Amino acid sequence: MDATGHPDRRTVLAGGVAAAATLAGCASTSTAPVADEASPSPSPRPTTPAAAFERLMDGNARWVSGDLQHPDRDPSRREFVAQKQVPFGSVLSCIDSRVPPELLFDTGLGDLYVMRTGGEAVGPVVTGSVEYGPMTSGTPLIVVLGHQRCGAVEASYKSLRDGKPLPGNLEAIARALRPAYEQTVRQGGGDDDPVDTMARNQVKLTAANLRSNQDLAPLVAKGRLAVVGAYYSLDTGKVEVLAGAPS
């Protein structure tokens, strides 16, 4: 219990994770294989931030060149991860249909936790989803991935600039992106492309907030987790690192 008499956040999280694992079948059982042993993956699961980051960027290089491996996408892999998952990366990206993380990083089944929201907008449920991998299965890498010509960012930018709320729950996206909009305005509007500047600011702010939050910061400090801000080019297919690349 905390000082206010409420349950400690880690206790609540642990209980919730256990319950979810029981109901969803995502927890391991006594007969489940260990993900690092005899995996039908092309290479062992990365266990450090640097190794996980290298695996993702190598996959993106293959995506750009067209020399794809399509790893972890066959029936044997499906059977292997049916009882247990230990993804090596978590990606928070936009809902945009042109930015599927599993494809642009050339990964497969059981390799990534993926959260997708309009403009990488975050809130408690999204943040909890991002925290899930690092806090329950030792996932060593989080990537916040923005992208070129983001419709959610453009709509939010225009709404905030003109003072015209977006319809329905779309307005919640604009509210979540307001800090990125305000930073863009302080920077002078982002030269010729304020929407692109805002998209990059959204990535960097979100990554920084995750990197410093009360549950992830200790993992970052111990070198067990890296939170990377990145930007995807629709034109080239290349992922550009904006901040936080592990050494």
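**Exercise 1. Find which residues are linked with Arg 62 in a network of salt bridges.**

Step 1. Fix the term. A salt bridge is a side-chain nitrogen of Lys or Arg within 4 Å of a carboxyl oxygen of Asp or Glu.

Step 2. Name the members. Arg 62, Arg 73 and Asp 106 are linked in such a network.

Step 3. Know the model. This is a predicted model, in which local features need pLDDT of at least 70, side-chain atom pairs count only at pLDDT 80 or more, and totals for chains, interfaces and linings use all residues. Residues are numbered from 1 along each chain as its sequence is written, and side-chain values use heavy atoms, with hydrogens and water left out.

Step 4. Look at one pair. Between Arg 62 and Asp 106, the closest N and O atoms are 2.6 Å apart. This pair links distant parts of the chain. Arg 62 sits in helix α2, and Asp 106 in the loop between α4 (101-104) and β2 (112-116), 44 residues apart. Helices (H or I, at least four residues) and strands (E, at least two) are DSSP runs, numbered from the N terminus.

Step 5. Check burial. Both Arg 62 and Asp 106 are buried. Buried means under 20% relative accessible area, exposed over 50%, and partly exposed in between (1.4 Å probe, protein chains only).

**Exercise 2. State how many salt bridges the whole structure has, then place Asp 235 and Lys 158 with their partners.**

Step 1. Count. The search of the whole structure finds 11 salt bridges.

Step 2. Take Asp 235. Its partner is Arg 149, with the closest N and O atoms 3.0 Å apart. Asp 235 is in the loop between β4 and β5, Arg 149 in the loop between β3 and α6 (151-162). They are 86 residues apart, so the pair links distant parts of the chain. Asp 235 is exposed, with a relative accessible area of 53%.

Step 3. Take Lys 158. Its side chain meets that of Glu 154 in a salt bridge (3.1 Å, N to O). Lys 158 and Glu 154 are separated by about one helical turn because they are four residues apart in helix α6. An α-helix has 3.6 residues a turn, so residues three or four places apart point the same way. Lys 158 is partly exposed at 38% relative accessible area. Glu 154 is partly exposed too, at 33%.

**Exercise 3. Describe the largest nonpolar core.**

Step 1. Fix the term. A nonpolar core is a set of buried Ala, Val, Leu, Ile, Met, Phe, Trp, Tyr and Cys residues joined through side-chain atoms within 4.5 Å.

Step 2. Count and name. The largest core has 18 residues, and Leu 141, Val 143 and Leu 145 have the most contacts inside it.

Step 3. Trace the suppliers. α2 (49-65), β3 (141-147) and β4 (226-232) each supply at least two residues. The largest share, four residues, comes from β4.

Step 4. Look beyond it. Another core, of 14 residues, lies apart from this one. Val 130, Val 203, Leu 225 and Val 227 are among its members.

**Exercise 4. Compare the reach of helix α9 with its expected span.**

Step 1. Count. α9 (residues 194-211) has 18 residues.

Step 2. Apply the rule. The expected span is 1.5 Å times one less than the number of residues. Here that gives 26 Å.

Step 3. Compare. From first C-alpha to last, α9 reaches 25 Å, close to the expected value.

Step 4. List burial. The buried residues of α9 include Val 195, Met 198, Val 203 and Leu 210.

**Exercise 5. Which residues have a positive phi although they are not glycines, among them His 70?**

Step 1. Recall the rule. Most residues other than glycine have a negative phi.

Step 2. Read His 70. Its phi is positive, about 50°. His 70 is in the loop between α2 and α3 (75-81). His 70 is partly exposed, with a relative accessible area of 44%.

Step 3. Read Arg 149. Its phi is also positive, about 55°. Arg 149 lies in the loop between β3 and α6.
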